[in-house]
Amino acid sequence: MRSCLISILSLFTFFSVNSQSITVSTFEKQIVYTNIKNPLNVSAFNISPENIKLETSNGIITKENGVFYWIPNKNNNNTLLLVFDKENKSIVDTFKFRVSQAAIPAIAWKERMFHSGFPDWRKINKLYLDMPICCNHLTLDTLCKILSFDILITYPITKRTVLIHSNNDSITKEFKALVPAFSPGVKVEFLKIKMYVAWNNPSIFYYDDYFKYVQNLSFTLY
């Protein structure tokens, strides 16, 4: 019922004359990301800040220390955001936003933190998520964990392959035991990397939504 009311009021607002000089924007113009607290920059010349109220049918909007945050819950290329004047109990403007999903973190190897270039297999202990502290000016309070992966080793001359599975983010002793025998041409592939991602640590996790397969890593010795 509330969403229908928002839609009807929004249509009315589109055809009304706006004299309030209001702007609502994000760091990426009119783009917000699902399941992330997107800070909104709200300016209004004829409405006091305490009388501004924001509503949307896509997710929730909160206000913390004078700043509005929007947490959408679904992707949509044409999501409406309504601005209310609480004192006059009226809609003063309507804005359109594109709601997208934030990118999945990249996978890297632990040794990458201390060395650039080809990995030193003897020093690698874990795969880890190459996750920036912030992305596009958004602070990402994340719960990200690698759950499992496969290592496929291919020997160039014999074409023999060895498949090793790990049930966590650690490189197995079985793999490290094979490293000293690596020769030029040996190909090492990290396959079927599974990870668990939850943006902003939601209190309820829907496993199918956050259980991901991500990109593979492949290296050939020279």
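**Entry 1: the S5–S6 hairpin**

I began with strand S5 (residues 60–64), which pairs with S6 in the antiparallel sense over five bridges. This is a predicted model, and I read it as such. I looked for the bridge partner of Glu64 in S6 and found Val67. Two residues lie between the strands of this hairpin. I checked the backbone there: Asn65 takes a positive phi near 50°.

**Entry 2: the other partner of S6**

Next I followed S6 (residues 67–71) to strand S3 (residues 38–44). S3 and S6 are antiparallel too, and they pair over three bridges. I noted one bridge by residue: Leu40 has Phe68 as its partner in S6.

**Entry 3: Glu64 again, by its side chain**

I came back to Glu64 for its side chain. It meets the side chain of Lys37 in a salt bridge, 3.0 Å from N to O. Glu64 belongs to strand S5 and Lys37 to the loop between S2 and S3, so this pair ties together parts that are 27 residues apart in sequence. Are these two residues buried or exposed? I found Glu64 partly exposed, at a relative accessible area of 33%. Lys37 is partly exposed as well, at 29%.

**Entry 4: the four-strand sheet**

I then traced an open sheet of four strands. Its order is S2-S8-S7-S4, with mixed pairing. Which strands stand at the edges? They are S2 (31–33) and S4 (52–55). Each has a single partner strand, so one side of each is left without a neighbour in the sheet. I also took the angle between neighbouring strands of this sheet: on average they are turned by 40° against each other, direction ignored.

I looked closer at the S4 edge. S4 runs antiparallel to strand S7 (residues 76–85), and four bridges join them. Within that pairing, I found Ile52 bridged to Asp85 in S7.

**Entry 5: two more salt bridges**

I counted salt bridges over the model and got five. Besides the Glu64 pair, I wrote up two others.

One of them joins the side chains of Glu55 and Lys53, at 3.1 Å from N to O. Glu55 is buried, with a relative accessible area of 14%. Lys53 is partly exposed, at 37%.

Another is formed by Asp169 and Lys126, whose closest N and O atoms are 3.3 Å apart. It links distant parts of the chain, 43 residues apart. I placed Asp169 in the loop between S14 and helix H2 (173–178). I placed Lys126 in the loop between strand S9 (106–109) and strand S10 (127–130). Asp169 counts as buried at 16% relative accessibility. Lys126, at 33%, counts as partly exposed.

**Entry 6: confidence**

I closed with pLDDT. The chain has a mean of 78, and 74% of its residues reach 70 or more. Which elements have the lowest and the highest mean pLDDT? I found helix H1 (residues 2–14) lowest, at 41. Strand S14 (residues 161–166) is highest, at 96.

I also marked two stretches where pLDDT stays under 50. Over residues 1–19 it stays under 50, and the model has 20 contacts beyond four places in sequence for them. Over residues 203–209 it stays under 50 too, with five such contacts.

How values were computed:
Residues are numbered from 1 along each chain as its sequence is written. This is a predicted model: local features need pLDDT of at least 70, side-chain atom pairs count only at pLDDT 80 or more; totals for chains, interfaces and linings use all residues. Side-chain values use heavy atoms; hydrogens and water are left out. Two strands pair if DSSP finds at least two bridges between them. Axes are lines fitted to C-alpha atoms, for helices over the stretch in contact, and angles run from 0 to 180 degrees between N-to-C directions. pLDDT is the predictor's confidence in each residue, from 0 to 100. Contact means heavy atoms within 4.5 Å. A salt bridge is a side-chain nitrogen of Lys or Arg within 4 Å of a carboxyl oxygen of Asp or Glu. Buried means under 20% relative accessible area, exposed over 50%, partly exposed in between (1.4 Å probe, protein chains only).
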